[in-house]
Amino acid sequence: MRHMGRGPMSRDESAAALRRHEAHWERHGFGLLAVTERASGDLIGRSGVQYHRAWPDDPEVGWALDPSRWGRGLATEAGRACLDWGFGELGFARLVSITTEENVASRRVMAKLGFDLLATVPFPELDIELLVHALDRPSPRPAPRATAAAGTLLLRAP
Ligand SMILES: CC(C)(COP(=O)(O)OP(=O)(O)OC[C@H]1O[C@@H](n2cnc3c(N)ncnc32)[C@H](O)[C@@H]1OP(=O)(O)O)[C@@H](O)C(=O)NCCC(=O)NCCS
């Protein structure tokens, strides 16, 4: 949780976060996806498209992976699949991606995906500042896909 602007979550906080993620799916019809490694079938993290409390205008593409899988380009692969999903099937004209200044790895993933810094916003509930990066839908619009499936990973709704 070092780069999430807070310490580790308690069990209750984790349960509340899961409920929020489920409620997001129910309200909007999209949200966080489980990230599974195709070869092993292991659940290795999460990625997806969902609104962030710090930036209600555009949905956010985000990622968090198990440390054992870092450094293999998998967040970039998952993020790219989420961009296809967000711009394609979900039809958004702009997606954002939000992180802290210190989260160099996440900012690098954003850069590799083509995001540019749009704004710095306060996030009072954690007393931190967040960097909001934005990417507009490329033209022509990608073909809709049934799922956000990438090469190495399988991303699926809970
Ligand atoms: C951020 C995170 C998802 C990245 O996952 P990943 O699969 O390792 O990412 P990728 O391999 O696709 O790309 C990471 C890039 O950051 C670079 N990087 C990683 N750590 C770095 C550091 N300390 N300094 C500079 N660059 C760094 C890597 O070299 C790579 O860039 P490259 O392809 O140009 O070499 C992962 O670190 C994570 O889960 N962190 C904890 C959760 C989190 O912070 N989520 C984001 C919240 S905004």
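**Entry 1: the core**

Which residues touch the most other members of the largest nonpolar core? I looked that up before anything else. This is a predicted model, and I kept that in mind throughout. The core has 28 residues, and the ones touching the most other members are Val35, Ala78 and Cys82.

Next I asked which elements give two or more residues to this core. Among the strands I noted E1 (32-37), E2 (43-52), E3 (55-65), E4 (94-99), E6 (128-136) and E7 (153-156). Helix H2 (74-87) and helix H3 (104-113) are on the list too. H2 gives the largest share, eight residues.

**Entry 2: the chain as a whole**

I stepped back to get my bearings. I found three helices and seven strands in the chain. Reading along the sequence, I wrote down the pattern α-β-β-β-α-β-α-β-β-β. The chain has 158 residues, and 28% of them are buried.

I also checked how far along the sequence the contacts reach. Taking contacts between residues at least 6 apart in sequence, 60% join residues at least 24 apart.

**Entry 3: Val35 and its strand**

Back to Val35, since I had it on my list from the core. What is Val35 in contact with, leaving aside its neighbours within four places in sequence? I got Ile44, Gly45, Arg46, Ser47, Leu65, Ala78, Leu153 and Leu155. Ala78 is another of the residues that touch the most other core members. Leu155, in E7, is also the bridge partner of Val35.

That sent me to the strand pairings. E1 and E7 pair in the antiparallel sense, over four bridges. E1 also pairs with E2, again antiparallel, over five bridges. Two of the partners I looked up in E2 were Ser47 for Leu33 and Gly48 for Leu32.

The hairpin of E1 and E2 has five residues between the strands. In that hairpin I noticed Gly41, which takes a positive phi near 80°.

I carried on to E2 and E3. They pair in the antiparallel sense over seven bridges, and the hairpin joining E2 to E3 runs through two residues. One bridge I picked out links Gln50 to Glu60 in E3.

**Entry 4: helix H2**

I wanted to know how H2 sits in the chain. H2 has 14 residues and reaches 20 Å from its first C-alpha to its last, close to the 20 Å expected at 1.5 Å a residue.

Is H2 mostly covered or mostly uncovered? Mostly covered, as eleven of its 14 residues are buried. I listed the buried ones: Leu74, Ala75, Ala78, Gly79, Arg80, Ala81, Cys82, Leu83, Trp85, Gly86 and Phe87. Arg80 caught my eye in that list. The buried residues of H2 pack against E1, E2, E3, E4, H3 and E7.

**Entry 5: around the ligand**

Which residues come nearest to the ligand? There are 20 residues around the ligand, and Trp70, Ala75, Thr76, Ala105 and Arg108 come nearest. E3, H2 and H3 each give two or more residues to this shell. H3 gives the most, with five residues.

I sorted the shell by class as well. It has ten nonpolar, eight polar and two charged residues. Ala75 turns up twice in my notes: once among the buried residues of H2, and once among the residues nearest the ligand.

**Entry 6: two loop residues**

Where is Gly31 found? It is in the loop between helix H1 (11-28) and E1. Is Gly31 buried or exposed? It counts as buried, because it has 21 C-beta neighbours inside 10 Å and the cut-off for buried is 20 or more.

Leaving aside neighbours within four places in sequence, Gly31 is in contact with His21, His24, Trp25, Gly48 and Gln50. I checked Gln50 further: Gly31 and Gln50 are 19 residues apart in sequence, yet 4.6 Å apart in space, C-alpha to C-alpha. Gln50 is the residue I had bridged to Glu60 earlier.

My other loop residue was Asp127, which lies between strand E5 (116-123) and E6. Its phi is near 55°, a positive value in a residue other than glycine. Most residues other than glycine have a negative phi. Asp127 is exposed, because 9 other C-beta atoms lie within 10 Å and the cut-off for exposed is 12 or fewer.

Notes:
Residues numbered from 1 in each chain as written. Predicted model: local features only at pLDDT ≥ 70, side-chain atom pairs only at ≥ 80, totals over all residues. Core = buried A, V, L, I, M, F, W, Y, C linked by C-beta atoms within 7 Å. Contact = placed C-beta atoms within 7 Å. Near = placed C-beta within 6 Å. Nonpolar A, V, L, I, M, F, W, Y, C, P; charged D, E, K, R; others polar. Expected span 1.5 Å × (residues − 1). Pairing = 2+ DSSP bridges.
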